[in-house]
Amino acid sequence: MFLSNCNQPGCYNNSNEILSSKDQNSWTYQNELMRLIELNPSDVDYYFERRAEINGESFIVLNCYGPDFCGELKARFVHKNAESIKLQNNKGYSGAQLIGVGLSRVKLKNGHEVFALEKLDRIID
């Protein structure tokens, strides 16, 4: 059985077993994706997918492409600038490439760690 890892073209080229077999919303999947992104952050491309409410908390969903992986990342906002506010308003940016993304780990109320979007230079729509 094949599981799609994100909605952007080319995401079928995933060589990571965890990302290929686990549910995108599982902590195992999200932790593995964060680990892979941290290995080579400058080699990852990000595309905005949508906003999402998960357990009462607001997230953005990003499709991420690395050298040998792709996946759907749930991230929190911690920095607000003109570009990131556009994504928070969720007005027609689905599929837009995000340039100059800066991520860091933050803890949720439930103790799990997620990435937070701290920096965003530009949106290419």
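Within helix α2 (residues 27–39), Glu-32 and Arg-35 sit three residues apart, a spacing of about one helical turn. In this predicted model, the two residues form a salt bridge whose closest N and O atoms are 2.8 Å apart. The partners have contrasting surroundings: Glu-32 is buried, at 9% relative accessibility, because the cut-off for that class is under 20%. Arg-35, by comparison, reaches 38% and is classed as partly exposed.

This helical pair belongs to a set of seven salt bridges found when the whole structure is searched. Another of them links the side chains of Glu-72 and Arg-50, with an N to O distance of 3.4 Å. Here the partners come from two strands, Glu-72 from β3 (residues 70–77) and Arg-50 from β1 (residues 45–54), so the contact ties together parts of the chain that are 22 residues apart in sequence. Glu-72 has a relative accessible area of 2% and is therefore buried, whereas Arg-50, at 31%, is partly exposed.

A further salt bridge brings together the side chains of Asp-121 and Lys-119, again with an N to O distance of 3.4 Å. In this case Asp-121 is partly exposed, with a relative accessibility of 47%, and Lys-119 is likewise partly exposed, at 42%. Beyond such individual pairs, Glu-38, Arg-105 and Glu-113 are joined into one network by salt bridges that share partners.

Definitions and conventions. Residues are numbered from 1 along each chain as its sequence is written. This is a predicted model: local features need pLDDT of at least 70, side-chain atom pairs count only at pLDDT 80 or more; totals for chains, interfaces and linings use all residues. Side-chain values use heavy atoms; hydrogens and water are left out. A salt bridge is a side-chain nitrogen of Lys or Arg within 4 Å of a carboxyl oxygen of Asp or Glu. Helices (H or I, at least four residues) and strands (E, at least two) are DSSP runs, numbered from the N terminus. Buried means under 20% relative accessible area, exposed over 50%, partly exposed in between (1.4 Å probe, protein chains only).
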